[in-house]
Amino acid sequence: MSTCAIKLSICAIGFRNFYIISDIIIEKKKEVEYLYIEADEDHASLQFREKKGDLIENENHRKNNCLITKLVYVHEGIENEAPQSKRHKLVNPYYFCGTSYGEENAEFWDEVYEYINNHYDLDKVKKVYLSSDGGSWIKSGMKRIAGITYVLDEFHLEKYLIKLTSHMKDSKEDALDELRAAIRSKTKQDFEEIVDRLEDCLVDETGLKRIATGREYILSNWTAAKLRLRHQNRVKGSSTEGHVSHVLSNRMSSRPMGWSITGATKMAKLRAYELNGGDMLELVRYQKRDLQKAAGAEYDVLSSAQMIQSEKNRHGELGKYTEYISHSMSLQNKKIVNFNAHIWGL
């Protein structure tokens with residue numbers, strides 16, 4: 001959706017003269033009935049926290065090397081990718097990424113609110129839905145945005161409903177419908193009575209633990225689960241798991257990787273920057289132009305021809321062998337040369 005702009009000339013009238021003070025461009029905020037915020041997290045592995053060797057093992061021999069990477073995105077709903085397509089896409093999504101370290105959670109959510117307030121006329125928005133799995137950092141962030149309606153992520157609601165009914169075999173779908181009806185329009189007591197009946201069909205310890213896990217999760221997110229089912233015509237589907245995989249996991253945790261806190265935080269923010277339409281080459285140019293270099297670290301970007309000529313000048317009588325220099329360059333150095341040539345040659 002293109003942003004409309006209204007150009008206003010602000011004038012002042014003096015006693016004898018007429019002055020044009022300035023021209024101001026005011027962007028008209030979007031007017032939508034519903035806004036959607038979805039939030040989830042990924043877990044990156046740290047090599048260390050403050051310095052190498054400071055990771056501590058617990059009694060189960062697991063290190064405290066887990067770093068939560070946050071993902072929040074705002075959008076205006078979903079639509080078909082094409083008129084005849086069964087695939088869907090988000091309408092005007094905007095992404096925010098960060099980590100659980102190095103920034104206050106309140107500041108992170110203030111950034112989300114600032115974006116919403118700057119781009120949408122909140123007086124025209126009927127509801128802002130926040131969909132998540134109930135993480136503590138997400139629940140605390142809700143308080144930073146007034147008038148939000150928190151609903152449980154559909155993926156996680158169905159995941160735990162299935163935990164409660166997976167042993168019912170042919171009666172599974174009937175049990176699921178009964179549980180959904182109890183959550184939607186009945187009480188916690190009605191829900192627990194159904195779960196008790198489902199539990200009576202089990203005797204193995206694993207199944208009983210699974211039932212207990214599903215019961216506890218839904219009861220601890222009861223209001224959000226109820227609103228999800230009551231507003232299912234307005235809040236459709238859930239894409240948080242796919243987005244976490246695509247935005248964060250694909251780059252930061254799907255393969256064995258170890259990060260520093262600084263590196264993980266910067267990479268998470270870069271992922272959001274790229275998805276929001278940021279130009280990575282322009283970002284590199286900006287850093288090259290505006291960031292100061294450390295003393296003694298100044299350098300010029302050389303082309304491959306300049307490198308070969310430099311070697312000829314340096315080696316003198318061995319110059320006839322310098323045509324083989326390109327074969328001795330490492331693949332990494334070749335990539336650096338080509339990348340720099342592309343950036344600064346445009």
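In the predicted model, the buried residues of helix 5 pack against helix 3, helix 4 (172-185), helix 6 (205-220) and helix 7 (222-230). Those buried residues are Phe191, Ile194, Val195 and Leu198. Viewed down the axis of helix 5, they fall within an arc of 100 degrees, so they line one face of the helix. Helix 5 covers residues 188-199, which makes 12 residues. From its first C-alpha to its last, helix 5 reaches 16 Å, close to the 16 Å expected at 1.5 Å a residue.

Helix 3, one of the partners of helix 5, comprises residues 154-165 and contains Glu158. Glu158 has a relative accessibility of 22% and therefore counts as partly exposed, since buried residues must lie under 20%. Between Glu158 and Arg180 there are 9.6 Å in space, C-alpha to C-alpha, and the two are 22 residues apart in sequence.

The protein as a whole has 13 helices and 9 strands. It consists of 346 residues, of which 34% count as buried. Among the contacts with a separation of 6 or more, 62% are made by residues 24 or more positions apart.

A second helix was examined in the same way. Helix 9 (residues 261-275) has 15 residues, which should span 21 Å at 1.5 Å a residue. Its end C-alpha atoms are 22 Å apart, which agrees with that expectation. Buried positions in helix 9 are Ile261, Ala264, Thr265, Met267, Ala268, Arg271 and Ala272. These residues cover an arc of only 165 degrees around the axis, which puts them on the same side of helix 9. Thr262 and Lys266, on the other side of helix 9, are exposed. The packing partners of the buried residues of helix 9 are strand 4 (66-75), strand 7 (94-99) and helix 8 (240-252). Just after helix 9, Gly277 adopts a positive phi of about 95 degrees.

Strand 4, against which helix 9 packs, also pairs with strand 3. The two strands run antiparallel and are joined by 10 bridges. In this pairing, Tyr36 stands opposite His75 of strand 4. Strand 3 (residues 34-45) has a further partner in strand 8 (residues 127-132), with 5 bridges in the parallel sense. Here Leu35 is placed opposite Val128 of strand 8. Strand 3 is mostly covered, with 10 of its 12 residues buried.

Thr69 is a residue of strand 4. Its relative accessible area is 0%, so Thr69 is buried. Leaving aside residues up to four places away in sequence, Thr69 touches Asp40, Glu41, Asp42, His43, Ala44, Gly98, Thr99, Leu248 and Met252.

Aromatic side chains were considered next. Rings count as a pair if their centres lie within 6.5 Å, and by this rule there are 12 aromatic pairs. One of them joins Phe108 and Trp109, whose ring centres are 6.3 Å apart; their planes meet at 90 degrees, so the pair is edge-to-face. Phe108 and Trp109 are both buried. Trp109 also pairs with Trp137: the centres are 6.1 Å apart and the planes lie at 35 degrees, so this pair is tilted. The pair of Trp109 and Trp137 links distant parts of the chain, with Trp109 in helix 1 (residues 105-119) and Trp137 in helix 2 (residues 136-142), 28 residues apart. Like Trp109, Trp137 is buried. Elsewhere, ring pairs connect Tyr94, Phe96, Tyr115 and Tyr120 into a cluster.

Two charged side chains sit over aromatic rings. Lys70 is found over the face of Phe108, 5.2 Å from the ring centre. Arg234 lies over the face of Tyr34, with 3.8 Å to the ring centre.

Terms used. Residues numbered from 1 in each chain as written. Predicted model: local features only at pLDDT ≥ 70, side-chain atom pairs only at ≥ 80, totals over all residues. Heavy atoms only, no water. Phe/Tyr/Trp six-rings, centres within 6.5 Å; stacked < 30°, edge-to-face > 60°. Buried < 20%, exposed > 50% of the residue type's maximum accessible area, 1.4 Å probe, protein only. Helix = DSSP H or I, 4+ residues; strand = E, 2+ residues; numbered from the N terminus. Lys NZ or Arg CZ within 6 Å of the ring centre and 35° of its normal. Expected span 1.5 Å × (residues − 1). Arc of directions from axis to C-beta. Contact = heavy atoms within 4.5 Å. Pairing = 2+ DSSP bridges.
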